[in-house]
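Biologist: Could you take me closely through one part of this model, and then set that part in the context of the charged pairs and the enclosed spaces elsewhere in the chain? I would like a careful, connected account.

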Amino acid sequence: MPRLTALVLLPIVLGLFISEQAAAQLSPTCQPELVRSGGTGRSVSVGRGRYHQFVSGGVRIRCAGQSTTVDADSLAWYQDLNRLDFVGNVRFRDSTAQLDASRARYFPSDERLEAYGDVRLEDEASRSTLTGSNLTYYRAVPGLRDTTELYATRRPLVEFRPADETGDDPYLIRGERVRMKGDGLAWAGGAVTIDRETFSAAADSAALNLNEGHGMLLRRAVAQGTDSSSYTIRGERIAFRLEDGDLRWVQAERDADAVSAEWSAEGDTIAFSLRDDRIQAGTVWGTGTRSTAYSQQQRISADSLAIDAPDQVLTQVRGYGNARATTTVDSLLPEDWIEGDTVTAHFGPLEDEGRGLIRLEAVGNARTLYHVYSEGIQERPAINYARGRRITALFGNRTLDRVNVVDQADGVYMEPTAEIEP
């Protein structure tokens, strides 16, 4: 009869151990050893030289020849299942991470640790953390897997700190399901949110490579700046790039729209470059939706648009292909418009110390229609329609000042008829 069968019905105080033969059967990478026990234990034979062993009163398991340890209030080792169960105040430590939980299961043969209840995992090198109700932790072990993997459900919180950043501004990643692999690869699904001090995003799912500085948000995606110069960009898919931890480029696709303090835009695809958390320039293009940009009193649409907005201050919008710009001084008054193969709107300071449109230019098959008010705002202004190769409309303090038509110029001027007294 094997020696351990004599212990089946007898409690063991501070004397239970996992034999070298049993440890070898567990895993070639981790051979668990009981190095401390503060209570009682027993062993139950389950046949064929295999046992269920139980220890209580505080225990510590160590992987032979490694720094990996697990502490808990109690332990159950199921040799036939190749599994160790830890209950109460579980503390797992290895050379790369430390994990705390209420209870855990460890499968040495595939180096998998399942943790439950008040889970907290911290990466030793980066101080990145994951907290939640459960976690499956796949350890990186030579000959088995070369990269650590994590999987958690029920909306865990990941505080990710990139390895090359020294500040304390982590990415806060939440989702119904989160998976991480190695140093910076992450996938999240189910009402995903990503937050930093000056940037936040949300989507149904996300794929991120934060150490290399890029990511993708999928379905009902939105990204926005959260400082005083805020912006918002939306689309069914949003891609972004980071440099030194700062957002440098964002692109929204499929029914995209963007809103800033001075202007907004919509189209199939919208892309912006950023610096110091502010938009610097943007492009809008696509075939399914007309590319359009709006400011306070102007609307510009074309096959594609280019927007210049250094430090998020609008200076120029260029429309290419069947371009059209409209201006409205008052919603109750008719619109003025200008069209051409290309249309460029220039914005700058106004006499009232604000900013607004100062010049509109149309080139190539250019045409314009604008209203002329002889003395102030009248109910029935005159209408001027003009054509030419190039048309320039100049504005002064938010109103049209004059229009210049160059090459192949012609047009029609129509004055309102005089009202007949009854």
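Modeller: I will begin with N209, which sits in strand β17, the run of residues 199-209, and I should say at once that the model is a predicted one. N209 counts as buried because its relative accessibility is 11%, under the 20% limit for that term. Its side chain comes to 3.2 Å from the backbone nitrogen of E212. When neighbours within four places in sequence are left aside, the contacts of N209 are with G184, L185 and H214.

A second residue that can be described in this way is T392, which belongs to strand β29 (residues 382-396). T392 has a relative accessible area of 13% and is therefore buried. Not counting residues up to four places away in sequence, T392 touches R359, L360 and E361, and also R402, V403 and N404.

Strand β29 also takes part in enclosing a space, since β26, β27, β28 (355-372), β29 and β30 (399-406) are the elements that give two or more residues to the lining of the largest cavity. That cavity holds about 80 Å³ of space, and a search of the whole structure finds 3 cavities of 30 Å³ or more. Its lining consists of 13 residues, of which D336, W337, T368, A393 and F395 are the closest to the centre. Strand β28 provides the largest share of this lining, with 4 residues, and by character the lining divides into 10 nonpolar residues, 2 polar and 1 charged.

Two of the strands just named, β26 and β27, are also linked by a charged pair, E339 with R324, whose closest N and O atoms are 2.2 Å apart in a salt bridge. Because E339 lies in β27 (residues 336-349) and R324 in β26 (residues 316-327), this pair ties together parts that are 15 residues apart in sequence. E339 counts as buried at 15% relative accessibility, whereas R324, at 26%, counts as partly exposed. Elsewhere, R36, R60 and D71 are joined into one network by salt bridges that share partners, and the count of salt bridges comes to 27. Among them is the pair R83 and D85, whose side chains meet at 2.8 Å, N to O, and both of these residues are buried. Another is the pair R120 and E122, with 2.9 Å between the closest N and O atoms; here R120 is partly exposed at 35% relative accessible area, while E122 is buried at 19%.

The second largest cavity contains about 60 Å³ of space. Its lining includes W263, Y294, R299, L314 and F347, and strands β23 (291-294) and β24 (298-302) each supply at least two of the lining residues. The largest share, 3 residues, comes from β24, and the lining as a whole divides into 8 nonpolar, 2 polar and 1 charged.

Finally, there is the largest pocket, with a volume of about 410 Å³. It is lined by 23 residues, and D123, T148, L150, G182 and D183 are the closest to its centre. Strands β10 (112-123), β11 (129-138), β13 (157-160) and β15 (177-181) each supply at least two residues of that lining, which divides into 11 nonpolar, 7 polar and 5 charged residues.

Notes. Residues numbered from 1 in each chain as written. Predicted model: local features only at pLDDT ≥ 70, side-chain atom pairs only at ≥ 80, totals over all residues. Heavy atoms only, no water. Salt bridge = Lys/Arg side-chain N within 4 Å of Asp/Glu carboxyl O. Buried < 20%, exposed > 50% of the residue type's maximum accessible area, 1.4 Å probe, protein only. 1 Å grid on protein atoms, 1.4 Å probe; cavity = no way out; pocket = protein on both sides within 12 Å on 5 of 7 lines; lining within 4 Å. Points joined across faces, edges and corners; volume = space filled by probe spheres on them. Nonpolar A, V, L, I, M, F, W, Y, C, P; charged D, E, K, R; others polar. Polar contact = N/O pair within 3.5 Å; in protein donor to acceptor, adjacent residues only side chain to side chain. Contact = heavy atoms within 4.5 Å.
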